[in-house]
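Trainee: Could you take me through one part of this protein up close? I'd like to look at a spot from the annotated binding site and see what surrounds it.

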Amino acid sequence: MSDSDSSESEMGGMFAEPAEFNPPPPEPTFEIFTRAAKDKHPPEMKLRLVGSHPLWAHHLWNAAKVFADWMDDHPQYTVGKNVLEIGAGAALPSFVAAVNGATKVVITDYPDNDLIANIQYNADHIVPELTKEGKVIVQGYLWGSNTRPLLAHLNPTTNTDTTSSGASAAAAPKELFDTIILSDLLFNHSQHRSMLKTCKETLKPGTGRVFVFFTHHRPWLADADNKFFEIAAAPVIDYPENGDESSDDERDPGGFGFKVEKVVEHRMTPMFLEDPGSEEVRGTVHGYILSLE
């Protein structure tokens, strides 16, 4: 035994950190989602949720449940379609899309090991065969970043290196996603443009659809949530490279040129009953569809 070990023994562990000083992270939890449509298989899905996470992936959100049931009633948006979900959390809508006959489902969330490992666990247990066949893919993705790694799943020959010019241009992706899912993400106000940038770059024009389902969890910030749709619908502004002397900070950033349509307003019990603000507002799920001409 070293002198330091001897000293610690004599002091009775006086300076040792108590066990509760650095407690282990909470264990994962499970939630069973029962599909409203009685003719669907499987009738239930058991989803594992991370024990706790600053990005709120430890909850199965009302918007995901409402959208999952809405997809069951509107199979034309998933059967034979290429589907992308960003900010997926437990990824319930993605798994419903997969079992409903999507050609390929790419499930993404912030590239955090715990988040991605948990989604992969759900994929391996809920849709194991589809995952083995490569029809369901899980990967980390940062909103607004290079979308070529996402599109490479639809275009295997795509060059994902954006630093090279000739090779990248020659291998530009041809296939885009038919369906893109954003479920309860609009509270991330600073990320609205990043989300829309990813959607614009990966959505198939004309027939493709972006589904945005969400709740105003903080009613006093509902206008900030809805700002997403203002930015989405605002026209694109193309500035000539050398024709405008104003700085980037002075320029109107414009929008993304999406067509916006509201399709759902569904009342549920609020996620957090003790939270402030109107229970009606906090319990209502809104659903929108975005498309590009």
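Mentor: Let's go straight to Ala-88 and its contacts. Setting aside neighbours within four places in sequence, Ala-88 touches Ile-107, Thr-108, Asp-109 and Ile-119. Bear in mind that this is a predicted model. You'll find Ala-88 in the loop that runs between β3 (82-86) and α3 (92-99). Is Ala-88 buried or exposed? Ala-88 counts as buried because its relative accessible area is 9%, and the cut-off for buried is under 20%.

Now for the annotation. An unreviewed UniProt entry puts a "binding site" feature at Trp-61, Gly-87, Ala-88, Gly-89, Asp-109, Trp-143 and Ser-183. From this set, Trp-61 is part of the lining of the second largest pocket. Asp-109 is in that UniProt list too, and Asp-109 is one of the contacts of Ala-88.

Trp-61 is worth a look as well. Trp-61 sits in the loop between β2 (44-49) and α2 (62-73). With a relative accessible area of 13%, Trp-61 is also buried.

Zooming out, you're looking at 10 helices and nine strands. Of the 293 residues in the protein, 43% are buried. If you take the contacts with a separation of 6 or more, 66% of them join residues 24 or more positions apart. On the outside, the protein exposes about 15,400 Å², with 51% of that supplied by carbon and sulfur atoms.

Notes:
Residues numbered from 1 in each chain as written. Predicted model: local features only at pLDDT ≥ 70, side-chain atom pairs only at ≥ 80, totals over all residues. Heavy atoms only, no water. UniProt positions renumbered as here; feature names shortened; annotations may be inferred. 1 Å grid on protein atoms, 1.4 Å probe; cavity = no way out; pocket = protein on both sides within 12 Å on 5 of 7 lines; lining within 4 Å. Helix = DSSP H or I, 4+ residues; strand = E, 2+ residues; numbered from the N terminus. Buried < 20%, exposed > 50% of the residue type's maximum accessible area, 1.4 Å probe, protein only. Contact = heavy atoms within 4.5 Å. Areas by Shrake-Rupley, 256 points an atom, 1.4 Å probe, with all protein chains shown as cover.
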